[in-house]
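Open the structure in your viewer and keep the selection tool at hand. Each stop below says what to select and what is there.

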Amino acid sequence: QVQLVESGGGLVQPGGSLRLSCVTSISMFPIYAMGWYRQAPGKQRELVARISSGGATNYADSVKGRFTISRDNVKNTVYLQMNSLKPEDTAVYYCNSDPHFSNWGQGTQVTVSS
């Protein structure tokens with residue numbers, strides 16, 4: 001079973017930054033497109049950033065220009081740099097492949113509040 005371990009979340013003021021990391025046990029990690037997803041209270045989980053096996057990136061409109069996804073294929077790790085954070089970015093953030101595996105990690109809580 002694939003293991004996904006997210007970290008780096010926390011409490012930050014509006015306008016602040018955080019860098020999330022996700023270490024995976026996915027075999028053949030480099031061939032998978034990876035994504036960062038988030039789920040806010042009372043809302044469905046949504047894909048906010050995606051990086052292809054070749055490094056091409058795509059972002060949800062709500063985070064475009066503020067978030068940057070990257071990957072390290074040697075470390076089997078995917079990152080999410082989040083800048084200019086807004087209160088509406090508050091959510092639990094998860095990583096997974098895209099399309100995603102059936103199991104999920106525990107996620108990392110990001111709270112943006114003054």
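The tour goes through a sheet, a disulfide and a pocket.

Keep in mind at every stop that this is a predicted model.

**Stop 1: the sheet**

Start with a cartoon view and find the open sheet, which is formed by six strands. Going across, their order is 2-10-9-4-5-6, and the pairing is mixed. As general background, strands of a sheet pair through backbone hydrogen bonds, and they may be parallel or antiparallel.

Now colour residues 10-12, which are strand 2, and residues 57-59, which are strand 6. These two strands stand at the edges with a single partner strand each, so one side of each has no neighbour in the sheet. From one strand to the next, the twist averages 25 degrees.

**Stop 2: strand 4 and its partners**

Select residues 34-39, which make up strand 4. How many of its six residues are buried? Five are, so to speak of strand 4 as mostly covered is fair.

Add residues 46-51, which are strand 5; this strand pairs with strand 4 in the antiparallel sense over five bridges. To see one of these pairs, pick G35, whose bridge partner in strand 5 is R50. Six residues lie between the two strands of this hairpin, and G42 there has a positive phi near 75 degrees.

Next, look at strand 9, which is joined to strand 4 by six bridges and runs antiparallel to it. Here R38 can be picked together with its bridge partner in strand 9, Y93.

**Stop 3: from strand 9 to strand 10**

Select residues 108-112 for strand 10. Strand 9 and strand 10 run antiparallel and are joined by three bridges. A91 has V110 in strand 10 as its bridge partner.

**Stop 4: the disulfide**

Show C22 and C95 as sticks: they form a disulfide, with their sulfur atoms 1.7 Å apart. The pair links distant parts of the chain, with C22 in strand 3 (residues 18-24) and C95 in strand 9 (residues 91-97), 73 residues apart. The structure holds one disulfide. Are its two cysteines, C22 and C95, buried or exposed? Both C22 and C95 are buried.

**Stop 5: the largest pocket**

Finally, select R38, K43, E46, E88 and D89, which lie nearest the centre of the largest pocket. The lining has 13 residues, and the pocket holds about 190 Å³ of space. What classes of residue make up the lining? Seven are charged, four are polar and two are nonpolar. R38 has now come up twice, as the bridge partner of Y93 and in the lining of this pocket.

Terms used:
Residues numbered from 1 in each chain as written. Predicted model: local features only at pLDDT ≥ 70, side-chain atom pairs only at ≥ 80, totals over all residues. Heavy atoms only, no water. Disulfide = S-S within 2.5 Å. Helix = DSSP H or I, 4+ residues; strand = E, 2+ residues; numbered from the N terminus. Buried < 20%, exposed > 50% of the residue type's maximum accessible area, 1.4 Å probe, protein only. 1 Å grid on protein atoms, 1.4 Å probe; cavity = no way out; pocket = protein on both sides within 12 Å on 5 of 7 lines; lining within 4 Å. Points joined across faces, edges and corners; volume = space filled by probe spheres on them. Nonpolar A, V, L, I, M, F, W, Y, C, P; charged D, E, K, R; others polar. Pairing = 2+ DSSP bridges. Axes fitted to C-alpha atoms, helices over the stretch in contact; angles between N-to-C directions.
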